[in-house]
Amino acid sequence: MNKIEVKVCLGTTCFVMGAANLQELIETVPQKYGDKVDVSGHPCLGLCSINWEYSKAPYVKVDDEIISEATVEKVLNVIERKLKDEHQ
Ligand code: FES
């Protein structure tokens, strides 16, 4: 089974738009999912600059899936869904 990879953007735009709360994931995810999920913080993922005016920062990537206006809850839901999908 491949690990699910979670990348939390800690770039300036995402930080200003609320990514500070998402740093909680860096502690919570390993506690909850052990080594099934890798979580790490990254500088700007380049998503905020695609369309600044309509930016939906903060962003988190879960494997190839981009989560915009990310919250801890949204990210955990995607992880749960992916873990379930892998077991079917
Ligand atoms: S600062 Fe997060 S995508 Fe640019």
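This report walks through the fold, the core and some local features of a predicted model.

## Confidence

Let us start with how far the prediction trusts itself. The protein chain has a mean pLDDT of 91, and 92% of its residues reach 70 or more. Within the chain, confidence is lowest in helix α1, at a mean of 92, and highest in strand β3, residues 60-62, at 97. As a general reminder, predicted coordinates should not be read in detail where pLDDT is low.

## Strands and the crossover

A good place to enter the fold is strand β1, residues 4-9, which pairs with strand β2, residues 37-42, in the parallel sense over six bridges. Two positions help to fix the register by eye: Val 8 stands opposite Gly 41 of β2, and Cys 9 stands opposite His 42 of β2.

β1 also has a partner in β3: these two strands run antiparallel and are joined by three bridges. Val 8 appears here too, with Val 60 as its bridge partner in β3. Val 8 can therefore be followed to both β2 and β3, since it stands opposite Gly 41 in the one and is bridged to Val 60 in the other, bridges being what DSSP uses to pair strands.

Between β1 and β2 comes helix α1, residues 12-33, and together the three elements make a right-handed β-α-β unit.

## Helix α1

Helix α1 deserves a look of its own. At Gly 18 the helix bends by about 90 degrees. After the helix comes Gly 34, whose phi is positive, near 55 degrees.

Which residues of α1 are buried? They are Thr 13, Cys 14, Ala 19, Leu 22, Leu 25, Val 29 and Tyr 33. The buried residues of this helix pack against β1, β2, β3 and α2.

## The nonpolar core

The largest nonpolar core holds 26 residues, and Val 6, Val 75 and Ile 79 touch the most other members. The elements that give two or more residues to this core are β1, α1, β2, β3 and α2.

Val 6 makes a handy starting point for exploring these contacts. Not counting residues up to four places away in sequence, Val 6 touches Val 37, Asp 38, Val 39, Ser 40, Val 60, Lys 61, Val 62, Val 75 and Ile 79. Two of the residues in that list, Val 75 and Ile 79, are also named with Val 6 as touching the most other core members.

## A buried lysine

Is Lys 82, in helix α2, buried or exposed? Lys 82 lies in α2, residues 72-86, and counts as buried because its relative accessible area is 17%, where the cut-off for buried is under 20%. Beyond its neighbours within four places in sequence, Lys 82 is in contact with Ile 4, Val 62, Asp 63 and Glu 65.

## Loops worth a closer look

Most residues other than glycine have a negative phi, and most peptide bonds are trans. A few places in this model depart from that pattern. In the loop between β2 and β3 sits Pro 58, and the peptide bond from Ala 57 to Pro 58 is cis, with omega near 0 degrees.

Asp 63, in the loop between β3 and β4 (65-67), has a positive phi of about 50 degrees although it is not a glycine. This aspartate is partly exposed, with a relative accessible area of 29%. Glu 69 belongs to the loop between β4 and α2 and has a phi near 45 degrees, again a positive value in a residue other than glycine. At 43% relative accessibility, Glu 69 also counts as partly exposed.

Ala 70 is found in the loop between β4 and α2 as well. With a relative accessible area of 6%, Ala 70 is buried. Leaving aside neighbours within four places in sequence, Ala 70 is in contact with Leu 22, Pro 58, Tyr 59, Val 60 and Val 75. Among those contacts are Leu 22, a buried residue of α1, and Pro 58, which follows the cis peptide bond. Ala 70 and Asn 21 are 49 residues apart in sequence and 9.7 Å apart in space, C-alpha to C-alpha.

Methods
Residues are numbered from 1 along each chain as its sequence is written. This is a predicted model: local features need pLDDT of at least 70, side-chain atom pairs count only at pLDDT 80 or more; totals for chains, interfaces and linings use all residues. Side-chain values use heavy atoms; hydrogens and water are left out. Helices (H or I, at least four residues) and strands (E, at least two) are DSSP runs, numbered from the N terminus. A crossover is right-handed if, with the strands pointing away from the viewer, the path from the first strand over the helix to the second runs clockwise. Buried means under 20% relative accessible area, exposed over 50%, partly exposed in between (1.4 Å probe, protein chains only). Contact means heavy atoms within 4.5 Å. pLDDT is the predictor's confidence in each residue, from 0 to 100. The bend at a residue is the angle between axes fitted to the seven residues ending there and the seven starting there. A nonpolar core is a set of buried Ala, Val, Leu, Ile, Met, Phe, Trp, Tyr and Cys residues joined through side-chain atoms within 4.5 Å.
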